[in-house]
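The dialogue below is a tutorial on reading the features of a protein model. A learner asks, and a teacher replies.

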Amino acid sequence: MIVFDNVTKYYDDKVAVEDLSMIIEDGEFVFLVGKSGAGKSTCIKLLLKEIEADEGTILVDEREVTGMPKRLVPKHRRKIGIVFQNFRLLPKKTVYENIAFAMNIVYASRRKIKPSVQEVLKLVGLEDKEKMYPDQLSEGEQQRVAIARAIVNKPTLLIADEPTGNLDPDTAWGIMELLQKINDAGTTIVMVTHAKDIVDRMEKRVIVIDDGIIVRDSKKGAYTEDEEI
Amino acid sequence: MKRFSYALKQAFSQIHRNRNMSTASILAITAMLAILGIFFILMVNVNMMTANVEEQFDCVEIYLTDSMTEADGAALTEQIGGLPDVASAIYLSKADALEVMKTRWGDNAYLLDGLVSNPFPATIEVKATDIEKEAAMVEAIKTIENPGIEEIKYYQEEIDKIIKISEYIETGAIILIVVLILISMLVVSNTIKITVHAREDEILIMKYVGATNWFVRAPFLIEGIVIGFIASVLSTAIVGFAYYKCIDFFTPKFLAFFNSGLVPLEFIIYNLAIIFAALGICIGALGSILSMRKFLSA
Ligand SMILES: Nc1ncnc2c1ncn2[C@@H]1O[C@H](COP(=O)(O)OP(=O)(O)OP(=O)(O)O)[C@@H](O)[C@H]1O
Ligand SMILES: [Mg+2]
C-alpha cells in the first residue's frame, strides 16, 4: 500500500507537488496522468526517495519513506521495480546480463540467478533473445527487457514512467498486455502516461494531477473527464 | 565472501576495460613512489651517517708521531687523563688503530687487507666530561708541549655542520614525500573518475534497483587499491635494483670519506616494500573514495 499524506515538494521557491494526498492499495493498477510539468515524475521520485518531501508523509507498505534513514533506502528500493521511457539498458551487456545485474545487487548466487532470469524472460516473451545486445532488439523488445529487469527481484510495486512514450501503438499495446499480466500476478502498478487511448481502453483507476494538485481520481476512469462513464 | 568476490571480479574487469588509463596511472604512481623511495634512501643514509659520525667523532683524537715509543705514549695519555674536564683518555697503538678501523668497516674490512704498511698513527682518544666543555679541554691539551703530538683532531664543528645539513635534507625529503603522495592520489582519483564516468548509467540503474553505496563503491575501491599495489611492487623492484647497483658503486667511496658504507640492501628493500605497499594501497583507496564522493552523495 502506498500512502501520500499532504505531501508538498518545492524546487527552490517553485512548488512542484502541493498538499497531495492519495492511497493506492495492494494489487491496484493506477494511471497517473496530467500535463507536462504537472508533477507526476516528482511524485515518483518522492516515492523512490530520490528527492525529499518538504512537508507531509509518504508510506510504502506501512513503512515511512519520508524521514527514512539513508542506509535503509537501498532496501526500500528493492521493493520497487522501475521502468523508464528510455529503457536505460546497458548497451555493452547482453539481455541476460542486463537482467542478472539487478540480482547481483542482492548478492544472489549464480544458481539462483539463472532460473529467475529465464523465468522473467519467458514472462516478457524473450526467452530466445537472452544472448543478444540491446541494439539488436526492437524498441518494444528493449522495453520488455527493462520490465524483466524491474521485476526479476519480485518487487511488490512496479512503477513505470511513460513506458510506452517511445513506442508505436501496436508495440505499446504489447507492453500494456505485459503489465496487465504482471498486475494479475499481484504486483501493484503505477504508470505515468500521456497516452489517451491506452488509458481509455484499459479502464483502470486514473489519478489526474495538475500543477501539483490532484484534480480528479476516478475508478475505471478515462483520460479526460467528459468521457467518463 | 560472495560480496568480496563479486567486487573483485568487477574491479579487474574495470581495470581491463580501462587498461590504457590503468597502465598510465600505475606507471605514474610507480614513478612517484620511486622518487619517493630515492628520498627515503637518501634520508636513511644521511641519518645513519650522521649517527655514525656522531658516535665515531664525539671524541678528540690526538695523533702521535711514529717515532714516539709506546711507553712515552702511555705516559702522555696519563698526563692528559689528569687534565680538568677530561672524562677518559685511551691510548691506541698503531696496531690497535688498524684493528679499530677494521671493525668500523665491518663487512668491507677486507679492503684494508691489501695495505702494505699500516697507515694509521698511534692515537690518544680523549673524551670530555661534557660535549660543551670539549673546546676548553682542547685548549688545555694544546698547552702540553710534547714533540710526539703530530696533530689534534677536533671535529665538533664538522659534526654540527653535518647534523645541520642532515636536518635540511630530512625536512626537504619529508615535504617532497608529502607532495608526491598528494599528486599520486590525484592521479588515481582521476583514473577512477574516468571508470566511474564510463559506468555512470550502470551506477544509476544499480541505485534504482536498490544497490547500497558500498556495493557500488567496492569495485572502484578495489580498482584503486590494485593499481596502487601493482605500482608499489614495481617501484620496490626498480628502486631495490637501482640501490643494489648504487651500493656496488658508492660503498668504496663512502668508506673512504665517512668511514662507513651505505645502509644494507636488505634493510632498504624490506622497508621500502612495506612503505610502498602501505602507501600504494592508501593512495589507491583514498584516490578512489575521493573520486566517488560527489557521485554517491546524490
Ligand atoms: N530538479 C528540478 N529542479 C527544479 N525544478 C524541477 C526539477 N524537476 C522538476 N522540476 C519542475 O517541477 C515541476 C514538475 O515536474 P515533473 O518532472 O514532476 O513533471 P511531470 O509531470 O513529470 O512532467 P512530464 O509529463 O513532462 O514528464 C515542473 O515545473 C518542473 O519544471
Ligand atoms: Mg515526467
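The turns that follow treat chain shape, burial, salt bridges, surface patches and backbone angles.

Q: What kind of model is this, and how are its residues numbered?
A: This is a predicted model, in which local features need pLDDT of at least 70, side-chain atom pairs count only at pLDDT 80 or more, and totals for chains, interfaces and linings use all residues. Residues are numbered from 1 along each chain as its sequence is written, chains are lettered from A and ligands numbered from 1 in the order in which they are written, and side-chain values use heavy atoms, with hydrogens and water left out.

Q: How many helices and strands does chain A have?
A: Helices (H or I, at least four residues) and strands (E, at least two) are DSSP runs, numbered from the N terminus. Chain A has seven helices and 10 strands. Its radius of gyration is 18 Å, close to the 17 Å of the globule rule for 229 residues, so chain A is as compact as a globular protein of that length. Here the radius is taken over C-alpha atoms, and the rule is 2.2 Å times the number of residues to the power 0.38. Along the principal axes, the C-alpha trace of chain A spans about 45 × 45 × 30 Å.

Q: Is chain B compact or spread out in comparison with a globule?
A: Chain B has 10 helices and four strands. Its radius of gyration is 29 Å, well over the 19 Å that the globule rule gives for 298 residues, so chain B is more spread out than a compact globule. Its C-alpha atoms fill a box of roughly 95 × 40 × 30 Å, taken along the principal axes.

Q: What percentage of the residues in each chain is buried?
A: A residue is buried under 20% relative accessible area, exposed over 50%, and partly exposed in between (1.4 Å probe, protein chains only). In chain A, 55% of the 229 residues count as buried. In chain B, buried residues make up 46% of the 298 residues. One buried residue is Met49(B), at 12% relative accessibility. Met49(B) belongs to helix H2 (residues 19–56) of chain B. Its C-alpha atom is separated by 9.0 Å from that of Ile162(B), although the two are 113 residues apart along the chain.

Q: How many salt bridges does the structure hold?
A: A salt bridge is a side-chain nitrogen of Lys or Arg within 4 Å of a carboxyl oxygen of Asp or Glu. The structure holds 11 over all chains. In one of them, the side chains of Glu28(A) and Arg205(A) meet at 3.0 Å, N to O. Glu28(A) lies in the loop between E2 and strand E3 (29–33) of chain A and Arg205(A) in strand E9 (residues 205–210), so the pair ties together parts that are 177 residues apart in sequence. Both Glu28(A) and Arg205(A) are buried.

Q: Which residues form the salt bridge that crosses between chains, from Lys93(A) to Glu202(B), and where do they lie?
A: Lys93(A) and Glu202(B) form a salt bridge whose closest N and O atoms are 3.6 Å apart. Lys93(A) lies in the loop between strand E6 (80–84) and helix H3 (95–104) of chain A, and Glu202(B) in helix H8 (residues 200–208) of chain B. Both residues are buried.

Q: Where do Lys142(B) and Glu139(B) lie?
A: Both lie in helix H6 (residues 134–142) of chain B, three residues apart, about one turn of the helix. They form a salt bridge with closest N and O atoms 3.9 Å apart. Lys142(B) counts as partly exposed, at 48% relative accessibility. By a network of salt bridges that share partners, Glu28(A), Arg205(A), Asp217(A) and Lys219(A) are joined.

Q: Which residues make the nonpolar surface patch?
A: Patches are made of residues with over 30% relative accessible area and no salt bridge: like charges are joined within 9 Å, nonpolar side chains (Val, Leu, Ile, Met, Phe, Trp, Tyr) within 5 Å. Accessible areas come from the Shrake-Rupley method with a 1.4 Å probe, and for residues only the protein chains shown count as cover. Leu27(B), Ile230(B), Leu234(B) and Ile238(B) make a nonpolar patch of about 340 Å². Helix H9 (residues 213–258) of chain B gives the most to this patch, with three residues.

Q: What is the phi of Lys49(A)?
A: Phi of Lys49(A) is near 60 degrees, a positive value in a residue other than glycine. Lys49(A) lies in the loop between helix H1 (40–47) and strand E4 (55–60) of chain A, and at 8% relative accessibility it counts as buried.
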